[in-house]
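User: Please take a close look at one strand of this model and its surroundings. Then follow the contacts outward from there.

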Amino acid sequence: MLCWGYWSFGFPGSDTTLQAVIPEPQTTEFVHERSVKEVACGKHHSVFLLEDGEVYTCGVNTKGQLGHEREGGKPEQIDALADQHIVHVACGESHNVALSDQGQLFSWGAGSDGQLGLTTTEDAVTIPRLIKKLNQETILQVSCGNWHCLALAADGQFFAWGQNNHGQLGLGKEFPSQDTPQRVKSLDGVPLSQVAAGGTHSFALSLSGAVFGWGKNTSGQLGLSDEKDRDSPCHVKLLRTQKVVYISCGNDHTAVLTKSGGVFTFGAGSCGQLGHDSLNNEVNPRRVLELMGSEVSQIACGRQHTLAFVPSSGMMYAFGCGTKGQLGTGGICSLKCPSPVKGHWAAYDEQISGRTDACPYYIVKHIFSGGDQSFVICSEKENSLPADDFRTINHSDHTCLINDNTIDMWRQKLSERNNSNSVNSEVAQILSSPACWNGSFLEKNRELVKIYD
């Protein structure tokens, strides 16, 4: 794992307590011989999810956001989650949510805006707690804004909670902040493939590629051709022909990735985070021309910067705010156009086989960004896998579809379990979901299109 940017307590894995700016990628290994699966960043803390489901945190701990009592630059395990196999983590400014392999959510950290979903507005929750309101749901995805959260359930239900000052929960007019998960009813029946939260804005992406945005829009970060906030999901019509497959949100800007590897950005541009060789805001989705001609497979937005990875060349690009080293270019200045991140990168082993130069090459697995930090998880050269491609839909974390695979899975579960009540409940939940049925017919239509193409 390599990282760069601003560290409130020094470089991750070191015992130093000095503030540090790391302007180019550096290797960190805080857990030897174990693989990091995911990284999530808050304003001044980081969360590391290991492949074995353990969770480690480091950084500032003023709101209990580390989930343990040991503040500092050295990542420490959250013992309270040791009995759970965590499969995904997300960070807000000073709070966190962890998703278990059983589809349950645990939250901890700052809670004064209800962002923990625990029916409480405690200022600080220092130990992860189960979000009981969602106990009857199998959660597939969760995303955190600064002070709000979004979650997608297997049956297609979509939930939001936390601060709602700008309508970022999508619940409609006159809804105050919510301390428990609330269903976003306006998206009922829409089969979703992704949910993504920005600082105070939110997005949902449907299986058919339709993009919906809501919340704060003072910089045009919703891509709706104006700067008016929205309190309910609105279709971003200017993206409907682009085949959007992935969305990443910064504090006040948004980046989307298309099936063909194109990148569109919109919203705040004051630091160059849109990559348009300009410091202007953009109220409409605009293609990053500097990346045209290259197929981008991964994007990641930090607070005011953006990363993009091009697998064919092994090039990683960064643009936006760089005053804290978060671009990884070796300098501490902001950049308005995509610029190469320092280092020698590759998307798979064959790209570097036969090279005679002495430079160390890193095989990229996955890029992450948040706050003023950036991370790259790399594969071991001996057992390397190709870099992740965000354009590939992961069927295990979007709205369930009713097809042969689903039926086979239910049949398998019934044969393995003595008590079939939980399976029966899951079957009933999915069969009664309009989103699941709509998604299933959409999948059939796609198969027909492929045949006739």
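Analyst: What follows starts at strand E16 and works outward through its partners and their contacts.

The model is predicted. E16 spans residues 201-206, and six of its six residues are buried. His201, Phe203 and Leu205 point one way. Ser202, Ala204 and Ser206 point the other way, and these are buried too. In a regular strand, side chains alternate between the two faces of the sheet.

E16 has a partner before it in sequence. Strand E15, residues 192-197, pairs with E16 in the antiparallel sense. Five bridges hold that pairing. In one of them, Ala196 is the bridge partner of Phe203. Three residues separate E15 from E16, and the two strands form a hairpin.

Another partner follows. Strand E17, residues 211-215, runs antiparallel to E16 and is joined to E16 by five bridges. Here Leu205 stands opposite Val211. E16 and E17 also make a hairpin, with four residues between them. Gly209 sits in that turn and has a positive phi of about 100°.

Leu205 leads on to Tyr246. Tyr246 belongs to strand E19, residues 244-249. Beyond its sequence neighbours, Tyr246 touches Leu205 and Gln194, along with Ala255, Val256, Leu257, Ile299 and Phe390. Tyr246 is partly exposed, at 23% relative accessible area. Buried would need a value under 20%. Ile299 is 53 residues from Tyr246 in sequence, yet their C-alpha atoms are 8.4 Å apart.

Now the aromatic side. Phe390 is buried, with a relative accessible area of 9%. The model holds six aromatic pairs. In one of them, the rings of Phe48 and Phe375 have centres 5.7 Å apart and planes at 80°, so the pair is edge-to-face. Phe48 lies in strand E4 (residues 45-50) and Phe375 in strand E29 (residues 373-379), 327 residues apart. Phe48 is buried at 0% relative accessible area. Phe375 is likewise buried, at 0%. The rings of Tyr246 and Phe390 have centres 4.6 Å apart and planes at 45°, so that pair is tilted. Phe390 sits in the loop between E29 and helix H1 (404-416), while Tyr246 is in E19, so the pair ties together parts 144 residues apart in sequence. Ring pairs also link Trp7, Phe48 and Phe375 into a cluster.

Phe375 appears again in the largest nonpolar core. That core has 32 residues. Val39, Met316, Trp345 and Phe375 touch the most other members. Met316 has contacts beyond its sequence neighbours, including Trp4, Phe309, Trp345, Ile367 and Val376. A second, separate core has 17 residues, among them Val125, Leu134, Ala153 and Phe159.

Back on the E15 side, Gln141 is worth a stop. Gln141 lies in strand E11, residues 139-144. At 10% relative accessibility, Gln141 is buried. The Gln141 side chain reaches the backbone nitrogen of Val195 at 3.1 Å. Gln141 also touches Ser193 and Gln194. Other Gln141 contacts include Leu99, Leu150, Ala151, Leu152, Asp397 and His398.

One last detail concerns a charge and a ring. Lys324 lies over the face of Tyr6, at 4.7 Å from the ring centre.

In short, E16 is a buried strand with antiparallel partners E15 and E17. Its Leu205 is in contact with Tyr246, and Tyr246 in turn forms a tilted ring pair with Phe390.

How values were computed: Residues numbered from 1 in each chain as written. Predicted model: local features only at pLDDT ≥ 70, side-chain atom pairs only at ≥ 80, totals over all residues. Heavy atoms only, no water. Buried < 20%, exposed > 50% of the residue type's maximum accessible area, 1.4 Å probe, protein only. Pairing = 2+ DSSP bridges. Core = buried A, V, L, I, M, F, W, Y, C linked by side-chain atoms within 4.5 Å. Contact = heavy atoms within 4.5 Å. Polar contact = N/O pair within 3.5 Å; in protein donor to acceptor, adjacent residues only side chain to side chain. Phe/Tyr/Trp six-rings, centres within 6.5 Å; stacked < 30°, edge-to-face > 60°. Lys NZ or Arg CZ within 6 Å of the ring centre and 35° of its normal. Lists of a residue's contacts leave out its neighbours within four places in sequence.
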